[in-house]
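Please open the structure in your viewer and keep the selection tool at hand. The tour below goes from one selection to the next and says what is to be found at each stop.

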Amino acid sequence: MPRQLRLPIPCSGTAGGSPTVTRPIETQIPPPGDRERRREFRERHGREAYTLFAADGAARGQPMHLMHKYWARKDWYAVRACIEHYTRPGDIVLDPFCGSGVTVAEALITERRALGIDLNPMATFITEMVTTPVSERALRRAFAEVERAVKDNIVDTYRLHGACPGCGTRGSLIAWHTIRGSRPPSDYVVEPLCLTCHATSDERRISSSEAQRLTALEKSFEAVATAEGLWWPAEARLEYPNARRYRQKRRIERFEQHFTRRNLLNCARLLNAIRAVRQRDARRALLYCFTSHLACVSAMNGKHVSGSGWMMNRFYVPPDFYDESVWERFRRTYEKLCRANGQTAALIGERKATVVCASATDLHMIASGSVDYVFTDPPYGDSIDYYELTDFWRAWLGLEMDHADEIVINASQGKDVGAFGEMLTRAAGEIYRVLKPGAWCSVAFQNKDAAVWSAFSTAFALPGFELMRVVPQPPSAKSFTMTWTEGSPKTHVLVHLRKPTGQGRRRPRPALPPTLADLVGESLRHLQANGAHSPSLASVYDEVVSRWLTATYGTDGAAPSLGGGSFTLKDVKRTLEELLGDGGRQ
Ligand SMILES: C[S@@+](CC[C@H](N)C(=O)[O-])C[C@H]1O[C@@H](n2cnc3c(N)ncnc32)[C@H](O)[C@@H]1O
Ligand SMILES: [Zn+2]
């Protein structure tokens, strides 16, 4: 079944240029709001409703958004649909937790004015790169400069003996990857790649002379690096809340330990050469390419990697990791960059976004009542350690970051759910302040603990946002980490809020708060009635959360509770099992 976006409607006319809302529409796929908007939409897309992008799973692969790893990246078509739904060309769209810049890019593509804020300088760097095209000529020249400076030296460190089984050329084979890990060098396995015909051949065990050459190279690492005057983040320590076990097991204390000596040397050579590029924009684009390729050439690269080299939401070195050829990976990433840059040039061109590295808890740079629409997703509680994970790239770029204002649940930063809620409340207050009266704010969120949802709900209820509609959003594709057992979210829920034009309504506490059994039962019936005969736990949970949030949001400004208690994904699972009887479901 095609995935569908269900958006509430900003309907019946406008006031002061911003949409006013009389009521949320309860159909699953509401068409765009008023008649004029509906006509605009139909003319532009040749269709009535927002199944347009969502139905097209293949369309997910936008080169500009695939260029660099980031966590919890939103599906571009969902963001675009929301922007087109709630705003008109020329309107101001803000994302105060912009991450890798999907909202900013989609706002520019749809000819809105875009404002992106993020506390993390890596996020604002990625956002700028995603939304600012670089001259193709300058980029090609810069790449050629870097190639001339370091390619031969780097490639030489992966040379293999013998002739290419494909084209017969001698001396043109390198190890595209070398399977290493805790095994001795004589047991390493290589996948030969021919630099003449570009074909790879079957993996084979490394020869003893190749292994000896590699060992000698790695022994001379310090001497070579000093002789070449190289820099790398040698001192950068791994600050990672879940790291104790990892560090003890892997004995990893510093970032550089995520790289073999060979690849550390080659990354340092590459960085050195990129830093010497004089043209600023092209240099920045190649630095972006550099950080994008880093995880692949690190020891975090395992067998099941497909491009980004970082499938987990944590640091992890698989027992048999794949040590990739730095030049070859960089070259391939550069090709991706050219495609991304071409797309940015075609879709965004000269249109510029305003991207600021700042905390969403203080948006003093934005005037009150000036923003037409917010689409955003704040960190989902404790799901992803953005500060610690992005340090892997920031360390190489020398980008400093103070995590004091990071909105997250993170023991090593001393932030519990209370601190998370308090900071999110400040951010929600700022979002409320900068929005025009009557304007909408769509927030994506997820957590498997209703206590965190409660902090979220309170944060947006306190400044006075009205809750218009809560819509579970399945992802377009399951990523490797999209399993609750990994502790990372499988789906997200879109919460559509609105800044009232007047005083806003305070809702009375429901006389009979729903019980978990009621919510689970209703959710199950709803999903089954909509064609999901055996719905997944995640989809039941999302329905439960949506119903619970809708029933309890903003009641007396208090946190929503469930008969005095709260619930987690586990409780939903147990209730579901009780409802269905033993063995009724997974
Ligand atoms: C879920 S991610 C956003 C992902 C983004 N929607 C995308 O598509 O890539 C949340 C972002 O919030 C940022 N963040 C955390 N605390 C913040 C704060 N106080 N102010 C602004 N951004 C913050 C994190 O750095 C992270 O990039
Ligand atoms: Zn060949």
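Begin by selecting D95 and G116, for G116 in β4 is the bridge partner of D95. Before going further, please keep in mind that this is a predicted model.

Now widen the selection to the two strands around that pair, β3 (residues 92-95) and β4 (residues 113-118), which run parallel and are joined by 4 bridges. Both belong to an open sheet of 7 strands with mixed pairing, and if you step across this sheet you will meet the strands in the order β9-β4-β3-β10-β11-β13-β12. At its edges lie β9 (354-357) and β12 (466-473), each of which pairs on one side only. As you look along the sheet, compare each strand with its neighbour: on average they are turned by 15 degrees against each other, with direction ignored.

Next, add the helices that lie against this sheet. Helix α6 (residues 121-131) lies across β4 and β9, and runs at about 165 degrees to β9. Helix α15 (residues 417-434) also packs on the sheet, where it touches β3, β10 (371-376) and β11 (435-445), and its direction makes about 145 degrees with that of β11.

From here, move to another strand by selecting β5 (residues 173-179), and ask how many of its 7 residues are buried. The count is 7 of 7, so that the strand is mostly covered, as a residue is taken as buried if 20 or more other C-beta atoms lie within 10 Å of its own. Then show its partners: β5 pairs with strand β6 (residues 189-194) in the antiparallel sense over 6 bridges, and P192 in β6 is the bridge partner of A175. With strand β8 (residues 322-324), β5 pairs over 3 bridges, again in the antiparallel sense, and here Y322 of β8 is the bridge partner of I179.

The next stop is a pair of helices, α12 (residues 280-294) and α13 (residues 326-347), which pack at an angle of about 125 degrees with their axes 9 Å apart. That angle makes α12 oblique to α13. The crossing in which α12 passes α13 is right-handed. To see where they meet, select A285, C289, S292 and H293 of α12 together with R329, F330, T333, Y334, L337 and N341 of α13, which make the contact. Coloured by class, this contact of α12 with α13 shows 5 nonpolar, 4 polar and 1 charged residues.

Two single residues deserve a visit for their backbone. Select A72, in the loop between α3 (63-66) and α4 (76-86), where phi is positive, about 60 degrees, although A72 is not a glycine. Is A72 buried or exposed? A72 is buried, because 20 other C-beta atoms lie within 10 Å. Then go to E111, in the loop between α5 (102-109) and β4, which has a positive phi of about 65 degrees and is likewise not a glycine. E111 is partly exposed, with 14 other C-beta atoms within 10 Å.

Finally, clear the selection and view the whole protein, whose secondary structure comes to 19 helices and 13 strands. Of its 586 residues, 47% count as buried. Among the contacts with a separation of 6 or more, 71% are between residues 24 or more positions apart.

Definitions and conventions. Residues are numbered from 1 along each chain as its sequence is written. Chains are lettered from A and ligands numbered from 1 in the order in which they are written. This is a predicted model: local features need pLDDT of at least 70, side-chain atom pairs count only at pLDDT 80 or more; totals for chains, interfaces and linings use all residues. Axes are lines fitted to C-alpha atoms, for helices over the stretch in contact, and angles run from 0 to 180 degrees between N-to-C directions. Angles under 35 degrees count as roughly parallel, over 145 as roughly antiparallel, 65 to 115 as roughly perpendicular and the rest as oblique. A crossing is left-handed if the near helix is turned anticlockwise from the far one by less than a right angle, and right-handed if clockwise. Two residues are in contact if their C-beta atoms, placed from the backbone, lie within 7 Å. Ala, Val, Leu, Ile, Met, Phe, Trp, Tyr, Cys and Pro count as nonpolar, Asp, Glu, Lys and Arg as charged, and the others, Gly among them, as polar. Two strands pair if DSSP finds at least two bridges between them. A residue is buried if 20 or more other C-beta atoms lie within 10 Å of its own, exposed if 12 or fewer, and partly exposed in between; C-beta atoms are placed from the backbone.
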